[in-house]
Amino acid sequence: MLGGLIMDINMPVLHTPELLKELDKGIDDMENDRITPHEESMKILLQHYNDYVSQNP
C-alpha cells in the first residue's frame with residue numbers, strides 16, 4: 001500500500017452554485033491583489049472563534 005488519504009466527497013447539487021460563486025469571488029480577489037496576509041487572517045479567525053465561544057458557552 002502506498003499510503004495516503006482517500007476522501008469521499010459528495011457535494012449536493014443545490015450547494016454547488018453557491019460554492020462556485022464563492023470560489024469565483026476568491027479568484028477575483030487574488031487576481032486583483034485583494035488578499036489578507038496569513039498572520040492577519042489567523043488573528044481575525046481566532047477573534048471570530050473566541051467571540052463565538054464566549055457567546056455560546
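**Close-up views of a two-helix chain**

At 58% relative accessibility, E39 counts as exposed, and it opens our tour of this predicted model.

**View 1. E39 pairs with K43 in helix α2.** The salt bridge between E39 and K43 has its closest N and O atoms 3.8 Å apart. Both residues belong to helix α2, where a spacing of 4 residues amounts to about one turn. K43 is exposed too, with a relative accessible area of 55%.

**View 2. Helix α2 spans residues 38–55.** Its 18 residues should cover 26 Å at 1.5 Å a residue, and the end C-alpha atoms agree, being 26 Å apart. The helix is hardly covered, with a buried count of 0.

**View 3. K25 meets E22 in helix α1.** Here the closest N and O atoms of the salt bridge are 3.3 Å apart. The two residues sit about one helical turn from each other because they are 3 residues apart in α1. K25 is partly exposed at 44% relative accessibility, and E22 is partly exposed at 46%.

**View 4. D28, D29 and R34 form a salt-bridge network.** Within it, R34 and D29 come together at 2.9 Å, N to O. R34 is partly exposed, with a relative accessible area of 45%, while D29 is partly exposed at 28%. Across the whole structure, a search finds 4 salt bridges.

**View 5. L19, L20, L23 and I27 make a nonpolar surface patch.** The patch comes to about 350 Å². One of its residues, L20, lies in helix α1, which runs over residues 16–31. For the protein chain, the accessible surface is about 6,000 Å², with 61% belonging to carbon and sulfur atoms.

Notes
Residues are numbered from 1 along each chain as its sequence is written. This is a predicted model: local features need pLDDT of at least 70, side-chain atom pairs count only at pLDDT 80 or more; totals for chains, interfaces and linings use all residues. Side-chain values use heavy atoms; hydrogens and water are left out. Accessible areas come from the Shrake-Rupley method with a 1.4 Å probe; for residues, only the protein chains shown count as cover. Patches are made of residues with over 30% relative accessible area and no salt bridge: like charges are joined within 9 Å, nonpolar side chains (Val, Leu, Ile, Met, Phe, Trp, Tyr) within 5 Å. A salt bridge is a side-chain nitrogen of Lys or Arg within 4 Å of a carboxyl oxygen of Asp or Glu. The expected span of a helix is 1.5 Å times one less than its number of residues. Buried means under 20% relative accessible area, exposed over 50%, partly exposed in between (1.4 Å probe, protein chains only).
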